[in-house]
There are 2 protein chains.
Amino acid sequence: MSIKIGIYGYGNLGRGIECAIKQNEDLELVAVFTRRDPANVSILTKSATVCNVADVEQWKDKIDVMVMCGGSATDLPEQTPALAKMFNVIDSFDTHARIPEHFANVDAAAKAANKVGIISVGWDPGMFSLNRMYAGAILPEGKDYTFWGKGVSQGHSDAIRRVEGVKDGKQYTIPVDAALESVRNGENPELTTRQKHIRECFVVLEEGADAAKVENEIKTMPNYFADYDTTVHFIDEEELKKNHSGIPHGGFVIRSGKTGWDGENNHVIEYSLRLDSNPEFTASVIVAYARAAYRMAKEGQTGCKTVFDVAPAYLSAMSGEQLRASLL
Amino acid sequence: MSIKIGIYGYGNLGRGIECAIKQNEDLELVAVFTRRDPANVSILTKSATVCNVADVEQWKDKIDVMVMCGGSATDLPEQTPALAKMFNVIDSFDTHARIPEHFANVDAAAKAANKVGIISVGWDPGMFSLNRMYAGAILPEGKDYTFWGKGVSQGHSDAIRRVEGVKDGKQYTIPVDAALESVRNGENPELTTRQKHIRECFVVLEEGADAAKVENEIKTMPNYFADYDTTVHFIDEEELKKNHSGIPHGGFVIRSGKTGWDGENNHVIEYSLRLDSNPEFTASVIVAYARAAYRMAKEGQTGCKTVFDVAPAYLSAMSGEQLRASLL
């Protein structure tokens, strides 16, 4: 019997979830919930139903885990606790500063309903968090570094597009090689924002726009670009579409630490991702944790969890015996 | 109140455990158990007692977790189940083929005594296993690669030293760069043993030994060297001591896999270690899992566990709130 999954919100992430479910035999997509008119939303999975979010309560007993695919800014803070009253839920909430508050809200709702909610699943927060935690527990006397990229930052691309005279644009975050090398060599450098990442922008101008003015406005934009070495390339729409329509991303979590009675030996633990599609990879992580949510709920666990609380074996379709025999 | 740790066996690993405990404020080394005369064993921790293994039962209520530091060939298969009748135990059993049997023995003993036993902890088995498992659960349509090195292989160094005419020797296992690159590029190559690793040997000859004969005997040794490209360097004892007395190791676990409705996007997950001291790093992993064993036993869990069964948060000295606020 397969684990029945619902998708709540059908954008890039929702479609990624749908694709990831297809790769896992023990999971089945039963319904996609949208705020749009279901008649106008076509999905890839023939056996699944498209429903309006208003009808979600009718699916209370037909879905084992609801995957929340809204945005972190306004959707998930409302939706995840609300849906946790009816379903086991999982989300990719990524507003770091608001995680404690979101955790508390989902925890209260899920506990009251005897459900499990797993929040902030993906790669950062998610697999990167997990690797920071494992490495820190293993090497308590050490230093953590997280580098992002090379990849498209949605927030920074949006910021470019808000500049007057910009028709379209994409921004890549790129780790600085020299910084990465220094960290890998165990040098434990103190790195400024500028020393860790560079920002590369590809911009399509509106007709008649002043390129120099646009470039200056981007490079001096506080928070987004002013603290970085930023390069701006002006290209035409065709080139943007041809070479910059993917959503690649990735990054590195590195911890360098000492062991020995007098800290005489150094060790470097590195975890890295090179992703062709940020939303599809995020979805693949979420789907593995959806399996975990189902199993933990089956065992009678309730309340809010994060990747720190989920024993690894829950993620795998393999049994404990299989895991020990083949992967240990 | 600190978690009271015992060390059973005081070789390289036992000393590594002692050093790792020093780095963790919530852990305390209370006793080291040795087969030797305790009067002849001096340890670094002034507050801890050295005892003979024969007296271990007297420590039944004074130790929260016993760290088993014997060898996998003959010590651990006997000792870990035997000690699990009295203590929560943890070991680094690494004979892959015998893990299912060892698991069953420790599980039966630990369950009967209401204790927790965690086996096969370290980096491989251990952190590498965990990364193979996480990556496989996230990217079910993909391929796993494990590379070891650059590092000293104890088994291969021993094999060199058994060759007639060899006074001393060290063997390094080194991943082949071209293979690593191909895997990282998502090419999913089929790699032979020879294509994955090379073996480099540093040999000190007995006086009058025939270098050509020794070199040939090493290079053609079945299982150990015959399937690899092996280089043999003859050096003098002084150089061996000066340049090859460390025990570095490390390696790479890489999974490359596809996502998307038609597998159109590729992703590479890589975990790597660069270790100055193999036993000290192994010990650091074990000590974090000793904390987990204590906590799981406190909660009433019993029986044998592996890294797959231990929720990450149990490893960290931080609370759930702290982890969510600082590392998620």
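**Exercise 1. Find where Asn114(A) sits in chain A, and work out whether it is buried or exposed.**

Start with the location: in this predicted model, Asn114(A) belongs to the loop between helix H3 (99–112) and S6 of chain A. Next, look at the backbone. Its phi is near 55°, a positive value in a residue other than glycine. That deserves a second glance, since most residues other than glycine have a negative phi. Now the accessibility: Asn114(A) comes out at 56%, and exposed means over 50%, so Asn114(A) counts as exposed.

**Exercise 2. Do the same for Ser120(A): which loop holds it, and is it buried or exposed?**

Ser120(A) sits in the loop between S6 and H4 of chain A. Its phi is positive too, about 60°, although Ser120(A) is not a glycine. The surroundings are another matter: with a relative accessible area of 0%, Ser120(A) is buried.

Stay in that loop for one more step. Pro125(A) is also found between strand S6 (116–118) and helix H4 (127–138) of chain A, and the peptide bond leading into Pro125(A) from Asp124(A) is cis, with omega near 5°. Over in chain B, Asp124(B) and Pro125(B) are likewise joined by a cis peptide bond, omega about 5°.

**Exercise 3. Work out how chain A maps onto chain B.**

Superpose them first: a turn of 180° with a shift of 0.0 Å along the axis lays chain A on chain B, at an RMSD of 0.0 Å. The two copies are therefore related as by a two-fold rotation axis. To locate that axis from chain A, go to Ala311(A), whose C-alpha is the nearest to it, 1.9 Å away. Then check the contact surface: 100% of the contact residues of chain A recur in chain B, so the same surface serves both copies.

Now size up the contact. Each side is counted separately: 67 residues from chain A and 67 residues from chain B. About 6,100 Å² is buried between the chains, with carbon and sulfur atoms giving 62% of it. On the chain A side, Gln23(A), Trp261(A) and Leu328(A) lose the most area, together 15% of what that side buries.

**Exercise 4. Trace the sheet that runs from S7(A) to S7(B), and say which strands are at its edges.**

Read off the order: S7(A)-S12(A)-S13(A)-S13(B)-S12(B)-S7(B), six strands in an open, antiparallel sheet. The edges are strand S7 (142–148) of chain A and strand S7 (142–148) of chain B, each pairing on one side only. Neighbouring strands are turned by 10° against each other on average, direction ignored.

Zoom in on one pair. Strand S12 (residues 249–259) and strand S13 (residues 265–275) of chain A share eleven bridges, and Gly257(A) has His267(A) as its bridge partner in S13(A). Finally, add a helix: H10 (residues 278–298) of chain A packs on this sheet, touching S12 and S13 of chain A as well as S12 and S13 of chain B.

**Exercise 5. Which residues of helix H5 (residues 154–161) of chain A are buried, and what do they pack against?**

List them: His156(A), Ser157(A), Ala159(A) and Ile160(A). Look down the axis of H5(A) and these buried residues fall within an arc of 155°, so they line one face of the helix. Their packing partners are strands S8 (151–152), S9 (166–175) and S10 (197–205), plus helix H8 (211–219), of chain A.

Technical notes. Residues numbered from 1 in each chain as written. Chains lettered and ligands numbered in written order. Predicted model: local features only at pLDDT ≥ 70, side-chain atom pairs only at ≥ 80, totals over all residues. Heavy atoms only, no water. Buried < 20%, exposed > 50% of the residue type's maximum accessible area, 1.4 Å probe, protein only. Helix = DSSP H or I, 4+ residues; strand = E, 2+ residues; numbered from the N terminus. Arc of directions from axis to C-beta. Contact = heavy atoms within 4.5 Å. Least-squares fit on C-alpha atoms with pLDDT ≥ 70 in both. Buried area = accessible area lost by both parts, 1.4 Å probe. Pairing = 2+ DSSP bridges. Axes fitted to C-alpha atoms, helices over the stretch in contact; angles between N-to-C directions.
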